[in-house]
Amino acid sequence: MTAAPSQVLDRVLVLEMVRVTEAAAIAASVLTGRGDEKAADAAAVDAMRTALNELYMDGTVVIGEGERDEAPMLYIGEKVGSAIGTGPKIDIALDPLEGTTICATAGPNSLAVLAIADEGGLLNAPDVYMDKIAVGPGYPEGIIDLDKTPTENITAVAAAKGVAPRDIIVCVLDRPRHEALIAELRSIGCGVMLIGDGDVAGVIATTNPDTTIDVYMGSGGAPEGVLACAALRCVGGQFKGRLLFRNDDERARAAKWGVTDLDKQYDLSELAKGDCIFAATGVTDGSLLAGVKRKGGKIMTTESVVMRASSGTVRWVKGEHRIG
């Protein structure tokens, strides 16, 4: 269902979001392949924060680099924008460098990612793991369910698509915790596309037939789940997520951010409500976007995508930037 347009978001131009992700991507790209994850992430964070603070808004980071005592900037709860206290109130979910290891090793699908919504529009998810399953648009509502087994979910998706389970491709993060999941998927004949990092791109890939990915499954960061849902709200698809808690500290962290039902299965519209804008710029080449390229001594090129839920508009933006 298309979201109603937000008058608040109208005051923050869609293309301004692209400028923010472009700044972060360019800053991180200088350190691509240099083997220093922390330096690349810090460069992206600094650039994104500077760009956000130039925008006329009263922004609150609800998904960020961590909680205040763990992150020097762009932490959960931080205020950004040039009109704090007076401007339009905006919730912001961000990952200045999604795939820090990817960037450090010059692998595929590293992105600078940002989503905004009206105040209260994005789930203030704690920085814990989330069990996730996602499909692209065109399927009957409720086709996926975390209370079902992977086999049951794949069987349902395959039937709706009119194919056998062996014709379904599932994207999964390549982690030891997913060994049983991968084994079950392969036992029913599924193709499994393993990715080393970058599950925002993995979820979004389900919406693009060119990727051949039908379903995303597995656990990853809860903040990345909210970001991916903002994109799905714009282009269609279904998502289910359930927060995973490994210890009492993580459960206490959830309570701090107002999460009381620890076993709740979240739907797409509960993670990203109403109108929202999603923007991403490629840092390295990937299935979604081309990475930053140096063209001559002081020119860099970027490729970005920006989407809006209320209009269903998807814009692909190529930029040329003169550096220095």
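These legends walk through several close-up views of a predicted model.

**View 1. Asp41 and Glu65, a pair taken from the UniProt record.** An unreviewed UniProt entry carries the annotation "binding site" for Asp41 and Glu65. Although these residues are spread over 25 residues of sequence, they cluster in space, with a largest C-alpha distance of 9.6 Å. The lining of the largest pocket includes both Asp41 and Glu65. To find aspartate 41, look in helix 3, which covers residues 37–52. Aspartate 41 has a relative accessible area of 17%, and because buried means under 20%, it counts as buried. Outside its close sequence neighbours, aspartate 41 touches Glu65, Leu97 and Thr100. Glutamate 65 is in the loop between strand 1 (58–63) and strand 2 (79–80). With a relative accessibility of 25%, glutamate 65 is partly exposed.

**View 2. Asp95, Glu98 and Glu224, gathered at one spot.** Here is another "binding site" listing from UniProt, again from an unreviewed entry: Asp95, Glu98 and Glu224. These residues span 130 residues in sequence, yet no two of their C-alpha atoms are more than 8.4 Å apart, so they gather at one spot. Asp95, Glu98 and Glu224 are included in the lining of the largest pocket. Aspartate 95 belongs to strand 3, residues 89–98. Is aspartate 95 buried or exposed? At 9% relative accessibility, aspartate 95 counts as buried. Among the residues that aspartate 95 touches are Glu65, which you met in the previous view, and Glu224. Other contacts of aspartate 95 include Leu111, Ala112, Val113 and Leu227.

**View 3. Tyr129 and Asp197, two members of a longer UniProt listing.** The "binding site" annotation in this view, from an unreviewed UniProt entry, covers Glu98, Gly99, Thr100, Tyr129, Arg175, Pro176, Arg177, Asp197, Gly198, Asp199 and Gly221. From this set, the lining of the largest pocket takes in residues including Tyr129, Arg175, Arg177, Asp197 and Asp199. Tyrosine 129 sits in strand 5 (residues 129–135). Its relative accessible area is 29%, and tyrosine 129 is partly exposed. Leaving aside neighbours within four places in sequence, tyrosine 129 is in contact with residues including Arg177, Gly220, Gly221 and Ala222. Further contacts of tyrosine 129 include Arg242, Leu243, Leu244 and Arg246. Turn now to aspartate 197, which is placed in the loop between strand 7 (191–195) and helix 7. Aspartate 197 is partly exposed, at 22% relative accessibility. Among the contacts of aspartate 197 are Gly99, Thr100 and Thr101, along with Leu173 and Arg175.

**View 4. Asp199, a buried residue of helix 7.** Aspartate 199 is found in helix 7, which covers residues 199–204. With a relative accessible area of 5%, aspartate 199 is buried. Which residues does aspartate 199 touch, not counting residues up to four places away in sequence? They are Glu98, Lys132, Leu173, Tyr216, Gly220, Gly221 and Glu224.

**View 5. Ile102 beside Asp197.** Isoleucine 102 has its place in helix 4 (residues 100–105). At 8% relative accessibility, isoleucine 102 is buried. Isoleucine 102 and aspartate 197 are 95 residues apart in sequence, and their C-alpha atoms are 6.8 Å apart in space. Isoleucine 102 also touches aspartate 197, and its other contacts include Pro108, Asn109, Gly198 and Thr284.

**View 6. Strand 11, enclosed and paired with other strands.** How many residues of strand 11 (residues 276–282) are buried? The count is 7 of the 7, so strand 11 is largely enclosed by the rest of the structure. Both faces of the strand are covered, with Cys276, Phe278, Ala280 and Gly282 on one side and Ile277, Ala279 and Thr281 on the other. Strand 11 pairs with strand 4 (residues 111–118) in the antiparallel sense over 7 bridges. In this pairing, isoleucine 277 of strand 11 is the bridge partner of isoleucine 116. Strand 11 also pairs with strand 13 (residues 299–308), in the antiparallel sense over 5 bridges. There, threonine 281 has serine 304 of strand 13 as its bridge partner.

**View 7. A charge over a ring at Lys264 and Tyr266.** The charged end of lysine 264 sits over the ring of tyrosine 266, at 5.4 Å from the ring centre.

Definitions and conventions:
Residues are numbered from 1 along each chain as its sequence is written. This is a predicted model: local features need pLDDT of at least 70, side-chain atom pairs count only at pLDDT 80 or more; totals for chains, interfaces and linings use all residues. Side-chain values use heavy atoms; hydrogens and water are left out. A charge sits over a ring if NZ of Lys or CZ of Arg is within 6 Å of the ring centre and within 35 degrees of the ring normal. Helices (H or I, at least four residues) and strands (E, at least two) are DSSP runs, numbered from the N terminus. Buried means under 20% relative accessible area, exposed over 50%, partly exposed in between (1.4 Å probe, protein chains only). Contact means heavy atoms within 4.5 Å. UniProt positions are given in the numbering used here, feature names are shortened, and annotations may be inferred rather than shown by experiment. On a 1 Å grid over the protein atoms alone, a cavity is a set of points where a 1.4 Å probe fits but cannot get out, and a pocket is an open set with protein on both sides within 12 Å along at least five of seven lines; lining residues have an atom within 4 Å of a point. Two strands pair if DSSP finds at least two bridges between them.
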